[in-house]
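Please read the following model with its sequence alongside. The account below takes up aromatic contacts, then strands, then a pocket.

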Amino acid sequence: MKIGIIGSGDVAKALGGGFLRHGHEVTMGTRRPANLAEWAKQNPNAKIGSFADAAKFGELVVLAVKGTVALDALKAAGAANMAGKPVIDATNPIADAPPANGVLKFFTNLDQSLMERLQAAMPEVHFVKAFNSVGNAAMINPKFPGGKPTMFICGNDDQAKATVRGICDQFGWEIADMGKAEAARAIEPLCMLWCIPGFIRNDWFHAFKLLQRG
Ligand SMILES: NC(=O)c1ccc[n+]([C@@H]2O[C@H](COP(=O)([O-])OP(=O)(O)OC[C@H]3O[C@@H](n4cnc5c(N)ncnc54)[C@H](OP(=O)(O)O)[C@@H]3O)[C@@H](O)[C@H]2O)c1
């Protein structure tokens with residue numbers, strides 16, 4: 001598939017590399033191409049452009065920017081460039097305040113997630129929450145002694161979720177579909193839980209698994 005990635009941070013770079021390794025075409029979007037100079041040398045098949053270039057290019061788009069500026073980045077990417085397309089929302093609503101005893105602060109509350117805000121601002125875009133509650137080092141085909149970890153996803157459009165399900169499968173994840181956009185109220189805070197072992201004992205390699213009836 002053609003993948004457009006909005007972002008140049010660790011998540012954008014990890015996912016971008018993963019898509020390339022799995023044979024997809026990738027355009028990375030950034031306001032500052034210099035951010036990606038080193039990564040581009042290691043990934044010569046990727047194209048680098050603006051947020052709008054990435055959004056236009058992608059049949060599937062990934063949003064991987066700082067949560068506080070997610071809507072600004074989407075506006076710069078252009079709603080029309082993403083209309084009707086699946087957009088993986090990997091962002092988290094992390095506030096600028098420091099964590100308390102390893103617990104991140106969010107600028108949202110339990111009755112409204114960041115993804116719902118984005119979905120409301122751009123109703124024509126098919127947002128799917130995914131990849132927000134695992135560190136970038138474990139996003140692509142991670143190996144854990146306990147087997148495949150679980151990617152919790154949600155979103156309003158079933159076809160978009162089917163596309164994201166296919167990608168998660170390629171990237172070595174089991175999928176747990178939690179339903180519509182409101183489920184992001186529960187999925188986004190998984191990021192807080194995921195980060196606690198990192199902050200309190202510098203352990204940053206783990207993932208969630210949902211154990212289910214066989
Ligand atoms: N780090 C992880 O392992 C991890 C794991 C799961 C989820 N997440 C979430 O994924 C997202 C990306 O995380 P990250 O660590 O890769 O990067 P980040 O440092 O949170 O974000 C970097 C990106 O934010 C963009 N940005 C910053 N200020 C901006 C502004 N004023 N307007 C528009 N764009 C702006 C930057 O754009 P330019 O490219 O133009 O500089 C850059 O692409 C975050 O929401 C984070 O919570 C992170």
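How many aromatic pairs does the count come to? In this predicted model, the count comes to five aromatic pairs. One of the pairs is formed by phenylalanine 199 and tryptophan 204, whose ring centres are 5.3 Å apart and whose planes meet at 80 degrees. The pair is edge-to-face, because the angle of 80 degrees is over the cut-off of 60. Phenylalanine 199 has a relative accessibility of 40% and therefore counts as partly exposed. Tryptophan 204 is also partly exposed, because its relative accessible area is 35%; the range for this class runs between 20% and 50%. Elsewhere in the chain, Phe19, Phe131 and Phe171 form one aromatic cluster.

The strands can be followed from β1, which spans residues 2-6. Strand β1 pairs with β2 in the parallel sense, and five bridges join the two. Within this pairing, lysine 2 has glutamate 25 of β2 as its bridge partner. Between the two strands the chain passes through helix α1, residues 10-21, and this β-α-β crossover is right-handed. Strand β2 itself covers residues 25-29, and four of its five residues are buried, that is, under 20% relative accessible area. The strand is thus described as mostly covered.

Strand β2 also pairs with β3, residues 47-49. Three bridges join β2 and β3, and the two strands run parallel. Here the bridge partner of threonine 27 is lysine 47 in β3. The connection from β2 to β3 goes through helix α2, residues 37-42, in a β-α-β crossover that is right-handed.

What remains is the open space in the model. Rolling a probe the size of a water molecule over the atoms shows where empty space is left. The largest pocket holds about 870 Å³ of space. Its lining is made up of 39 residues, and those nearest the centre of the pocket are Val11, Ala64, Val65, Lys66 and Gly67. Three elements, α1, α4 (70-77) and α9 (190-201), each give two or more residues to this lining. Which element supplies the largest share of the lining? That share, four residues, comes from α9. By residue class, the lining of the largest pocket divides into 19 nonpolar, 14 polar and six charged residues.

Helix α1 links two parts of this account: the chain passes through α1 on the way from β1 to β2, and α1 is among the elements that line the largest pocket.

Note on methods
Residues numbered from 1 in each chain as written. Predicted model: local features only at pLDDT ≥ 70, side-chain atom pairs only at ≥ 80, totals over all residues. Heavy atoms only, no water. Buried < 20%, exposed > 50% of the residue type's maximum accessible area, 1.4 Å probe, protein only. Pairing = 2+ DSSP bridges. Right-handed = clockwise from strand over helix to strand, strands pointing away. 1 Å grid on protein atoms, 1.4 Å probe; cavity = no way out; pocket = protein on both sides within 12 Å on 5 of 7 lines; lining within 4 Å. Points joined across faces, edges and corners; volume = space filled by probe spheres on them. Nonpolar A, V, L, I, M, F, W, Y, C, P; charged D, E, K, R; others polar. Phe/Tyr/Trp six-rings, centres within 6.5 Å; stacked < 30°, edge-to-face > 60°.
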